[in-house]
Amino acid sequence: MDSTKTVITKETKNKISVDYEGKLSFKERLMKKLSTSNTWITVIINIFRFILMLGVSYVILFPFFSKVAGSFMDKYDVIDATVSLIPKNPTIEQYKYIILDNRYFEAFLNTLFLSIVCALIQTFVACLIGYGLAKFKFKGNKIVMLIVVVTMIIPHSTIDLSMLRHFESFDIGHIMSTGNKGILTTLFGKIELLNTFWPFIILSLGGLAFKNGLYIYMMRQFFKGVPDELEESAYVDGSGTFRTFMQIILPLSVPMMITIFLFAFSWQWTDQFYTGLFFIGNEAPWMMPDIISQIPIHLQTNYAGKRLYENVIQNTAGIMIILPLVIMYLFCQRYLVQGIERSGLVG
């Protein structure tokens, strides 16, 4: 009896299968593939998935496409029942007069400056506070984190009056002074910060700006995942806490910082609550949300479809507001996804 045994490995089976199928025609290979039940199950699942994604995409994107198509319609296309998405008389008058009459570029530059400054400050402050809450054990750590969570829960509309009065006559150190005057009022007199960018900057520096609690929480969750060995190695080499934070921790958190910056920039760009609260009167700087509130004077709306046409104009202004955000998202999408994955908000 022959003691040797033929061992058929998985690679040998695959090679035999490939050699066999190579001798078959395309039609024979296709029929063989379709004869298996697993193939039909896979095809049905893929078709169902495609139909589901197509339906979801239609529900989400159709309103946006309809607004974009409407922004190129003539005022008579708006009331024409035969016009659905494709205008009969395409025009760019809405864009032209929103730019000229509604001071689009002035609003763009003001909003761009404020959004960049606030986003940069909020990103750094969120990193600093989040790192302290994640890596340092001190009395009151949980209380501070609870306060951060509370700032996320409390509606901003409940404290709008107090914030308005605070920045209407800005001061500090009321408890340390006599009467109602604080340190700044005693030294410099009444300081009114309304219709300036200072309320936004002060709130950002204090970690109390719009959605700042969410940014701190995201950075805390990210820093909790950073190995402690990195900091311990830096301390052994003689690096201080702040130097370790600046030279080791921050470079590791660049994707997360970009995500925070994008969130802060986007929310500040489209903010109407704080801009409507701190910017009042004719001396207020012209901001992006303001271009929706006015109808360009060169667009004639006194006809049968006035209300519909004004809605089209406002939708066009809205498209011009979000267009810079769409462009920014196209270039920063990869960093945004990475940051959200590492933030601990999804699992």
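Two rings of Phe, Tyr or Trp count as a pair here if their centres lie within 6.5 Å. By that rule the structure holds 23 aromatic pairs, and we will call on two of them along the way. Bear in mind as you click around that this is a predicted model.

**The whole chain**

Start with everything shown as a cartoon. The protein chain has 16 helices and zero strands. Now colour by accessibility: of the 347 residues, 35% are buried. Among the contacts with a separation of 6 or more, 71% link residues that are 24 or more positions apart.

**Stop 1: Phe210 and Trp267**

Select Phe210 and Trp267 and show their side chains. The ring centres are 6.5 Å apart and the planes stand at 85°, so this pair is edge-to-face. Phe210 sits in the loop between α10 (198-205) and α11, while Trp267 belongs to helix α14, so the pair ties together parts that are 57 residues apart in sequence. Is Trp267 buried, exposed or partly exposed? With a relative accessibility of 28%, Trp267 counts as partly exposed.

Next, widen the selection to the aromatic cluster to which these two rings belong. Its members are Phe113, Phe167, Phe197, Phe200, Phe210, Tyr215, Phe263, Trp267, Phe273, Tyr274, Phe278 and Phe279.

While you have Phe210 on screen, click on Lys211 as well. Lys211 is in that loop between α10 and α11. Its phi is positive, about 65°, although Lys211 is not a glycine. For background, most residues other than glycine have a negative phi. Lys211 has a relative accessibility of 33% and so counts as partly exposed.

**Stop 2: α11 against α14**

Select residues 212-224 for helix α11 and residues 254-269 for helix α14. Their axes come within 11 Å and cross at roughly 170°. Angles over 145 degrees count as roughly antiparallel, and α11 is therefore roughly antiparallel to α14.

Which residues of α11 meet α14? Show Leu214, Tyr215, Met218, Met219 and Phe222 on the α11 side. Across from them, α14 contributes Met256, Thr259, Ile260, Phe263, Ala264 and Trp267. Sorted by type, the residues of this contact are ten nonpolar, one polar and no charged. Tyr215, Phe263 and Trp267 may look familiar, as they also appear in the aromatic cluster.

Stay on α11 and pick out Phe222 together with Phe223. These rings have centres 5.6 Å apart and planes at 65°, so they too make an edge-to-face pair. Phe222 counts as buried at 9% relative accessibility, and Phe223 is buried with a relative accessible area of 0%.

**Stop 3: α13 against α14**

Keep α14 displayed and add helix α13, residues 241-252. Here the axes are 5 Å apart and the packing angle is about 70°. The two helices are therefore roughly perpendicular to each other. In α13, show Leu250, Pro251 and Leu252; in α14, show Val254, Pro255 and Met257, which they meet. How do the residues of this contact divide by type? They are six nonpolar, no polar and no charged.

**Stop 4: Asn102 and its surroundings**

Now move to the loop between α5 (93-101) and α6 (104-135), and select Asn102. Asn102 is buried, with a relative accessible area of 1%. What does the side chain of Asn102 reach? Draw a distance to the backbone oxygen of Gln294, and you should find 3.0 Å. Leaving aside neighbours within four places in sequence, Asn102 is in contact with Tyr97, Trp286, Ile291, Gln294, Ile295 and Pro296.

Arg103 is found in the loop between α5 and α6 as well. Arg103 is another residue other than glycine with a positive phi, near 55°. At 35% relative accessibility, Arg103 counts as partly exposed.

**Last stop: Pro296**

From Asn102, step across to its contact Pro296. Pro296 lies in the loop between α15 (273-278) and α16 (306-343). Pro296 is buried, with a relative accessible area of 1%. Apart from neighbours within four places in sequence, its contacts are Tyr97, Ile98, Asp101, Asn102 and Ile313. Finish by checking the C-alpha distance between Pro296 and Ile99: it is 9.1 Å in space, for residues that are 197 apart in sequence.

Terms used. Residues numbered from 1 in each chain as written. Predicted model: local features only at pLDDT ≥ 70, side-chain atom pairs only at ≥ 80, totals over all residues. Heavy atoms only, no water. Helix = DSSP H or I, 4+ residues; strand = E, 2+ residues; numbered from the N terminus. Buried < 20%, exposed > 50% of the residue type's maximum accessible area, 1.4 Å probe, protein only. Polar contact = N/O pair within 3.5 Å; in protein donor to acceptor, adjacent residues only side chain to side chain. Contact = heavy atoms within 4.5 Å. Axes fitted to C-alpha atoms, helices over the stretch in contact; angles between N-to-C directions. Parallel < 35°, antiparallel > 145°, perpendicular 65-115°, else oblique. Nonpolar A, V, L, I, M, F, W, Y, C, P; charged D, E, K, R; others polar. Phe/Tyr/Trp six-rings, centres within 6.5 Å; stacked < 30°, edge-to-face > 60°.
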